[in-house]
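Me: Please take a close look at a single part of this structure, and set it in the context of the whole. I should like one connected account, with attention to packing and to charged side chains.

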Amino acid sequence: MLLKLTLKNTTTHKTLSYASETGTLTERDRKQLNIFERKVYRRILGPVYDNKKENWRILNNKEIYGCVKKPTTIETITLNRLRWFGHVQRVEGNRIPKRVIYMNLGTIRLRGRPRNRWQDEVREDGIIVGGEGWQEKVHNREEWKKLQRTARNRRILHMAMG
């Protein structure tokens with residue numbers, strides 16, 4: 001039987017999510033963050049004794065996610081990004097953060113598949129968390145906080161890696 005463990009605000013988690021609300025993540029970045037986070041948890045939780053095989057083994061990914069009762073780093077980054085977006089949407093139109101979000105630099109993008117912009121990732125995250133009408137909830141602070149709490153508590157953004 002596995003030990004149920006709740007890890008709260010580890011230094012690694014805070015370091016990985018520092019200033020995360022302003023950046024974008026590629027699929028490769030997400031994969032590497034998940035791998036690193038699971039390595040840390042495997043080290044913290046240690047091996048478990050398997051009674052059937054009568055030997056020690058490391059935890060698999062499902063067991064790790066079952067033991068750790070806190071959002072993953074990717075979930076935290078996504079929730080921070082949505083929190084920041086809600087804040088910026090409620091500020092006056094002439095403030096610098098709002099102007100920067102909607103700024104068009106007029107530069108030419110490189111050939112090939114375009115990289116995700118910050119707005120693209122926020123739009124995807126918002127649809128996952130709040131469905132189609134998520135942008136109307138941004139301007140009502142209480143509804144926005146309720147939406148974020150629901151996403152955090154239900155772990156809507158959690159996608160366990162195999």
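Reply: Helices are here DSSP runs of H or I of at least four residues and strands are runs of E of at least two, both numbered from the N terminus. On that basis, the predicted model follows the pattern α-α-β-β-α-α-α-α-α along the sequence, with seven helices and two strands. The protein has 162 residues, of which 35% count as buried. Where contacting residues are at least 6 apart in sequence, 68% of the contacts join residues at least 24 apart. The accessible surface comes to about 11,700 Å², and carbon and sulfur atoms account for 53% of that area.

The part selected for a close look is helix α6, which spans residues 118-130. This helix has 13 residues and reaches 18 Å from its first C-alpha to its last, close to the 18 Å expected at 1.5 Å a residue. Its buried residues are Trp-118, Asp-120, Glu-121, Val-122, Asp-125, Gly-126, Val-129 and Gly-130. These buried residues of α6 pack against α2, α4, α5 and α7. Just after the helix, Gly-131 takes a positive phi of about 75°.

The charged contacts of α6 deserve separate treatment. Side chains of opposite charge can pair when their charged atoms come close. Glu-121 forms a salt bridge with Arg-30 at 3.8 Å, N to O. That pair links distant parts of the chain, since Arg-30 belongs to helix α2 (residues 27-45) and Glu-121 to α6, 91 residues apart. Both Arg-30 and Glu-121 are buried. Glu-121 also meets Arg-81 in a salt bridge, at 3.1 Å, N to O. Here too distant parts of the chain are linked: Arg-81 is in helix α4 (residues 73-90), and 40 residues separate it from Glu-121 in α6. Arg-81 is buried, as is Glu-121. Together with Asp-125, the residues Arg-30, Arg-81 and Glu-121 are linked in a network of salt bridges.

Eight salt bridges are found in the whole structure. One that does not involve α6 joins Asp-50 and Arg-57 at 3.8 Å, N to O. Asp-50 counts as buried because its relative accessibility is 16%, whereas Arg-57, at 29%, counts as partly exposed.

The nonpolar packing also involves α6. The largest nonpolar core has 13 residues, and those with the most contacts inside it are Phe-85, Val-122, Trp-134 and Trp-144. At least two residues of this core come from each of α4, α6 and α7 (141-154). Its largest share, four residues, is supplied by α4. Trp-144 is in contact with Leu-82, Arg-83, Gly-86, Arg-90, Trp-134, Lys-137 and Val-138, leaving aside its neighbours within four places in sequence. Apart from this core lies another, of seven residues, including Tyr-41, Leu-59, Ile-64 and Val-68.

The segment that precedes α6 shows a contrasting environment. Leu-105 is found in the loop between α5 (96-101) and α6. Leu-105 counts as exposed because its relative accessibility is 65%. With Ile-96, Val-100 and Met-103, Leu-105 makes a nonpolar surface patch of about 430 Å².

In summary, α6 contributes at least two residues to the largest nonpolar core, while its buried Glu-121 takes part in the network that also includes Arg-30, Arg-81 and Asp-125.

Methods. Residues are numbered from 1 along each chain as its sequence is written. This is a predicted model: local features need pLDDT of at least 70, side-chain atom pairs count only at pLDDT 80 or more; totals for chains, interfaces and linings use all residues. Side-chain values use heavy atoms; hydrogens and water are left out. Patches are made of residues with over 30% relative accessible area and no salt bridge: like charges are joined within 9 Å, nonpolar side chains (Val, Leu, Ile, Met, Phe, Trp, Tyr) within 5 Å. Accessible areas come from the Shrake-Rupley method with a 1.4 Å probe; for residues, only the protein chains shown count as cover. A salt bridge is a side-chain nitrogen of Lys or Arg within 4 Å of a carboxyl oxygen of Asp or Glu. Buried means under 20% relative accessible area, exposed over 50%, partly exposed in between (1.4 Å probe, protein chains only). A nonpolar core is a set of buried Ala, Val, Leu, Ile, Met, Phe, Trp, Tyr and Cys residues joined through side-chain atoms within 4.5 Å. Contact means heavy atoms within 4.5 Å. The expected span of a helix is 1.5 Å times one less than its number of residues.
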